[in-house]
Amino acid sequence: MAQSPTSNCEICVQAPGTYNCRQCRQYFCEMCKNAHLRSNISKNHILLKSKELFTEDKVRCEHTEKHTFMCVDCDAPLCKVCLVNDHNGHIMEDLDKILLNLHSQASVILREYGMNYKKKCDHVLKIRDSYTKESENVEKEISDQGEILKSEIDKNVATMITEVRKARQTFLDTFPCNDVCDNALRDLHKMQEKLDKTVQRKENELSLAIVELKNQLCRIEAMKLVAPDVLSIPLVQYLNHPSNQNTTTDLLGTVKYCVMPEPREIILKRDCTGFGFAFISSKNSAGVYVTHILSGQSADHSSLKFFDRIISINGKSVKGLTMSETAELVRNSNDNVKLIICPFL
């Protein structure tokens, strides 16, 4: 049984496959479609134009019996009347069992994604803490060396400490803080709650719950945690010169900084589901950060990465914007969206 789209009829393999059978998952030309509907076993099958989407209303039968089975061969929920009349001899499964299996699959994927996400967040926070401590240690070393050189180099000491603090703030502004990670994890918890609510549907809504869970499962499976490889924690170092130098600058030494990535432009093309990424804004206005990239979609084919900081959208700065205002900028984009981002290392 065919499972992937094709441009030709899958029966005669010559004419264009302009019709799609919902139950058989096959493409038919006009002639083969008519022959398919004349067959007793498939006379009640639903065929639509290839570009049309199937919805729950299109596969729901007209009987008053509630759906209790799923036809594996036709991938359709059935009542007892449909089972006897149209699907005799097909492989059947219990809807309750399918519902629980779908919920279990989605929950396992979501839990695994949450664990991986937390590991990435913990690593980012470790980098922030380590950099802060190293930077504070550098401040102390600079101050101590300044005391040795006495008052004649106080001005140089103050200047260098100001530069270190400015560099540290730039570094911390680039890395997401705790509430960014918490917000992203909270989104995953909300998705789990939505799964749990779906599986608690009443019996007469099982078929709707099945369709909804399938859609949720597809979205969860498409989620992709794309993060850069951070080989080591960036350090800020104080390079002290020997005290026998002639000038105060040489005596005081210099500070070595890690190289921060330059902002760059990324253009994403809209597909049927959007641009393929999600983001979180920090409560303290530290920035807007990429938190999810959907597998196989526009963002996944770009250089956009997990925790990249978004600076502007379509030329408009996101600084000071709320989460809803930032999302509105993306939604109002036409076929493309232009992002200026500060890469995560």
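How many helices and strands does the secondary structure of the chain come to? In this predicted model, the answer is nine helices and 15 strands.

**Figure 1. Overview of the predicted chain.** The chain has 345 residues, and 42% of them are buried. Its exposed area is about 19600 Å², with 51% of that supplied by carbon and sulfur atoms. When contacts between residues at least 6 apart in sequence are taken, 60% join residues that are at least 24 apart.

**Figure 2. The largest nonpolar core, with 49 residues.** Tyr 117, Ile 142 and Phe 307 have the most contacts inside this core. Helices α4 (95-148), α5 (154-174), α6, α7 (206-222) and α8 (248-252) each supply at least two of its residues. Helix α4 gives the most, with 14 residues. Apart from this core lies another, of 19 residues, among them Leu 268, Phe 275, Ala 327 and Leu 339.

**Figure 3. Surroundings of Phe 307, in the loop between β12 and β13.** Phe 307 is not a glycine, yet its phi is positive, at about 70°. Its relative accessibility is 0%, so Phe 307 counts as buried. Beyond residues up to four places away in sequence, Phe 307 touches Tyr 117, Cys 121 and Val 124, as well as Pro 176, Val 180 and Cys 181. Tyr 289, Val 290 and Phe 344 complete the list of residues that Phe 307 touches under that condition.

**Figure 4. Aromatic cluster of Tyr 113, Tyr 117, Phe 306, Phe 307 and Phe 344.** The structure holds seven aromatic pairs. In one of them, the ring centres of Tyr 117 and Phe 306 are 4.9 Å apart and the ring planes stand at 90°, so the pair is edge-to-face. Tyr 117 belongs to helix α4, whereas Phe 306 is in the loop between β12 (288-294) and β13; the pair therefore ties together parts 189 residues apart in sequence. Tyr 117 and Phe 306 are both buried. Ring pairs are what link the five residues of the cluster.

**Figure 5. Contacts of Gln 192 in helix α6 (residues 178-199).** Is Gln 192 buried or exposed? Gln 192 has a relative accessible area of 18% and is therefore buried, the cut-off being under 20%. The side chain of Gln 192 makes a polar contact, at 3.1 Å, with the side chain of Ser 107. With neighbours within four places in sequence set aside, Gln 192 is in contact with His 103, Ser 107 and Leu 110.

**Figure 6. Strand pairing around β15 (residues 336-342).** Strand β10 (residues 264-269) runs antiparallel to β15, and six bridges join the two. Within this pairing, Ile 267 has Lys 338 of β15 as its bridge partner. Strand β13 (residues 309-313) also pairs with β15 in the antiparallel sense, over four bridges. Here Ser 312 stands opposite Ile 340 of β15.

**Figure 7. Arg 270 in the loop between β10 and β11 (277-281).** Which backbone oxygens does the side chain of Arg 270 reach? One is the backbone oxygen of Ser 333, at 2.5 Å. The other is that of Asn 334, which lies 2.8 Å from a polar atom of the Arg 270 side chain. Arg 270 and Ser 333 are 63 residues apart along the chain, and their C-alpha atoms are separated by 8.6 Å. Leaving out neighbours within four places in sequence, the contacts of Arg 270 are Phe 275, Val 330, Arg 331, Ser 333, Asn 334 and Asp 335. With a relative accessibility of 32%, Arg 270 counts as partly exposed.

**Figure 8. Asn 314 in the loop between β13 and β14 (316-317).** The phi of Asn 314 is near 55°, a positive value in a residue other than glycine. Asn 314 has a relative accessibility of 37% and so counts as partly exposed.

**Figure 9. Asn 20 in strand β1 (residues 19-21).** Asn 20 has 12% relative accessibility and so counts as buried. A polar contact of 3.4 Å joins the side chain of Asn 20 to the side chain of Tyr 27.

Note on methods: Residues numbered from 1 in each chain as written. Predicted model: local features only at pLDDT ≥ 70, side-chain atom pairs only at ≥ 80, totals over all residues. Heavy atoms only, no water. Buried < 20%, exposed > 50% of the residue type's maximum accessible area, 1.4 Å probe, protein only. Contact = heavy atoms within 4.5 Å. Areas by Shrake-Rupley, 256 points an atom, 1.4 Å probe, with all protein chains shown as cover. Pairing = 2+ DSSP bridges. Polar contact = N/O pair within 3.5 Å; in protein donor to acceptor, adjacent residues only side chain to side chain. Core = buried A, V, L, I, M, F, W, Y, C linked by side-chain atoms within 4.5 Å. Phe/Tyr/Trp six-rings, centres within 6.5 Å; stacked < 30°, edge-to-face > 60°.
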